[in-house]
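Student: I would like to learn how to read a structure, one feature at a time. Could we begin with the backbone angles and then move on to strands, helices and the ligand?

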Amino acid sequence: MSGGSFASAWADWPSTPLPSDALGSDETCDLAIVGGGILGLCSALDAARRGLSVRVLEAVAIGERASGLNGGQVIPGLKFDPDWLLEHFGETRGEALIRFGAGMADCVFDLIARETLDVPHERAGWIQAAHSEHAARAAELRAEQWIARGVPAKVLSAEDVARLTGARGYHGGWLDPRAGVIHPLAYTRELARAARKAGALIAENTRVVRLQHENGAWTLAAHGGHTLRSKSVIVATNAYADGLIPGLAQTLLPLHSFQIATAPLSEATRASILPEGQGVSDSRRIVIYYRRSADGRLLLGGRGSMAEPTQAQAWAHLEHAAKRLYPSLGDVAIEKRWYGRVAMTFDHLPHVHEPERGLIVAAGCQGRGVGLMTALGPRLVDYLVTRDAETIPFPITPIRPIPFHAFRNLGIGAAIAWYRLVDMLER
Ligand SMILES: Cc1cc2nc3c(=O)[nH]c(=O)nc-3n(C[C@H](O)[C@H](O)[C@H](O)COP(=O)(O)OP(=O)(O)OC[C@H]3O[C@@H](n4cnc5c(N)ncnc54)[C@H](O)[C@@H]3O)c2cc1C
């Protein structure tokens with residue numbers, strides 16, 4: 001598992017194993033999807049519903065990577081505010097991006113309802129909690145932009161944030177009521193179940209090692225020797241991109257997001273921590289995010305080291321953060337520690353590429369992939385079917401590796417240390 005011997009708080013989810021759709025010899029299909037996370041599975045579900053024959057090839061087990069390990073916060077909106085998107089992309093694409101971002105959380109909750117997915121979830125909103133006066137003003141401006149667009153967002157005072165989170169030390173913030181929380185492993189595995197039911201075949205433990213365009217079709221070669229021929233391909237490998245698409249991994253800054261979960265809290269402590277069930281991210285440059293789980297644990301996450309963690313000490317910064325926010329936690333045990341990879345891009349926007357006709361690649365969800373990838377999957381399929389580029393709100397760009405990518409870990413390590421210091425000084 002990506003979390004080494006450190007199992008996630010979701011890992012106990014009692015889902016039945018997927019039936020095996022192991023890849024046979026020389027199979028063919030309309031659409032091959034590399035990667036069985038949220039993006040790959042939402043694409044597969046949509047394509048199968050349109051009557052395409054679909055094959056998902058996943059290197060490990062479904063839910064073992066980011067989609068099954070994440071914090072389960074379903075947050076609408078891209079990293080940028082509506083006004084910024086309009087200013088930088090102009091009226092037409094700017095509005096398309098705003099609309100897409102605005103609908104991201106709806107896509108998840110509507111899908112859960114429509115497909116009757118067995119996924120614990122709660123839609124009580126998301127709080128962005130401001131760690132400084134300056135951040136509180138920025139939160140107010142952000143909320144106002146959404147309010148002007150008809151979203152019943154709320155500007156929160158320091159007292160409001162204290163009441164809703166039970167946490168200490170915030171200067172204000174805003175509440176986005178469109179957001180919510182889900183059980184991410186249940187969601188990912190249920191997506192796989194729904195995609196299979198719709199007719200898609202899903203091969204786990206099947207790493208694609210070569211992709212070639214020949215005689216008008218794509219040939220995918222899997223580790224172990226089997227091949228698949230397909231009219232179109234979606235590469236949905238995100239932060240786990242390997243060398244399959246030349247240069248792709250070098251367009252991304254893969255970061256580690258670490259998480260901890262406490263033991264289930266007592267009734268009294270539960271009543272004082274996030275009593276209304278919102279998810280929270282703070283406004284720090286090195287963001288801390290937290291929520292409660294359905295079984296009453298506090299889950300808290302943030303950036304972690306780029307080295308593979310081998311000891312509990314690697315999560316100590318998150319334990320300190322939890323106790324700083326909630327002194328009432330006292331000696332409550334930290335029962336779970338885990339981590340996964342998130343893909344950042346230099347421009348903080350997801351990237352969509354089509355290096356050759358019929359081969360679509362999407363990556364870079366800046367830690368917001370639950371809603372983003374759920375919403376994007378069907379759009380990618382629509383584009384493949386209709387060739388209407390307007391169905392994808394993001395520009396389709398060439399694959400452009402980041403200069404000096406080989407030194408990324410040094411750069412990321414230094415940047416994280418620097419931003420942590422600035423965050424601390426601003427407190
Ligand atoms: C700890 C953590 C916390 C997070 N918290 C949140 C949150 O609260 N809210 C939120 O919105 N987002 C969060 N994220 C981000 C979110 O999980 C991701 O953006 C989202 O899951 C991405 O989905 P995906 O399908 O694009 O990629 P993934 O889930 O990473 O799936 C990619 C898949 O491709 C497979 N693969 C790679 N190469 C190959 C190959 N050659 N052949 C076959 N398969 C291959 C991988 O095994 C992997 O399963 C978090 C991420 C982490 C790690």
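Tutor: Let us start with a hairpin, keeping in mind that this is a predicted model. In the hairpin of strands S18 and S19, there are 2 residues between the strands, and glycine 358 takes a positive phi near 90°.

Student: Which strands pair with S19, and in which direction do they run?

Tutor: Strand S18, residues 351-356, is joined to S19 by 4 bridges, and the two run antiparallel. Strand S12, residues 227-235, is joined to S19 by 3 bridges, and these two run parallel. Leucine 359 in S19 illustrates both pairings, since glutamate 356 stands opposite leucine 359, while valine 233 has leucine 359 as its bridge partner.

Student: How many of the residues of S19 are buried?

Tutor: The strand is mostly covered, with 4 of its 5 residues buried.

Student: Let us return to phi. What sign does phi have in most residues other than glycine?

Tutor: The general idea is that most residues other than glycine have a negative phi. In this structure, asparagine 205 has a positive phi, near 50°, and glutamine 366, which is not a glycine either, has a positive phi of about 50°.

Student: Where do asparagine 205 and glutamine 366 lie?

Tutor: Asparagine 205 has its place in the loop between strand S9 (201-203) and strand S10 (208-214), and glutamine 366 is found in the loop between strand S19 (359-363) and helix H10. Asparagine 205 counts as partly exposed because 16 other C-beta atoms lie within 10 Å, and glutamine 366 is partly exposed because it has 18 C-beta neighbours inside 10 Å.

Student: Now for a helix: which residues of H6 are buried?

Tutor: The general idea is that an α-helix has 3.6 residues a turn, so residues three or four places apart point the same way. In helix H6, residues 158-165, the buried residues are Val161, Leu164 and Thr165. These residues cover an arc of only 85° around the axis, and therefore they are on the same side of H6.

Student: What covers that buried side, and which exposed residues are on the face turned away from it?

Tutor: The cover over the buried residues of H6 includes strand S5 (126-130), strand S6 (154-156), strand S7 (172-176) and strand S14 (279-282). The face turned away from the buried side carries Glu159 and Arg163, which are exposed. Just after H6, glycine 166 takes a positive phi of about 75°.

Student: How does one read a contact between residues that are apart along the chain, such as phenylalanine 394 and leucine 349?

Tutor: One looks at the sequence separation together with the distance in space: phenylalanine 394 and leucine 349 are 45 residues apart along the chain, yet their C-alpha atoms are separated by 8.4 Å. Phenylalanine 394 lies in the loop between H10 and helix H11 (408-426), and, leaving aside neighbours within four places in sequence, phenylalanine 394 is in contact with Leu349, Pro350 and Val352. Because it has 19 C-beta neighbours inside 10 Å, phenylalanine 394 counts as partly exposed.

Student: Finally, how many residues surround the ligand, and which are the closest?

Tutor: There are 43 residues around the ligand, and the closest are Gly35, Gly37, Gly71, Gly340 and Gly369. Several elements each supply at least two residues of this shell, among them helix H1 (38-49), strand S17 (334-344) and helix H10 (369-386). By class, the shell has 19 nonpolar, 18 polar and 6 charged residues.

How values were computed: Residues are numbered from 1 along each chain as its sequence is written. This is a predicted model: local features need pLDDT of at least 70, side-chain atom pairs count only at pLDDT 80 or more; totals for chains, interfaces and linings use all residues. A residue is near a molecule or strand if its C-beta atom, placed from the backbone, lies within 6 Å of it. Ala, Val, Leu, Ile, Met, Phe, Trp, Tyr, Cys and Pro count as nonpolar, Asp, Glu, Lys and Arg as charged, and the others, Gly among them, as polar. A residue is buried if 20 or more other C-beta atoms lie within 10 Å of its own, exposed if 12 or fewer, and partly exposed in between; C-beta atoms are placed from the backbone. The arc is that of the directions from the helix axis to the C-beta atoms. Two residues are in contact if their C-beta atoms, placed from the backbone, lie within 7 Å. Two strands pair if DSSP finds at least two bridges between them.
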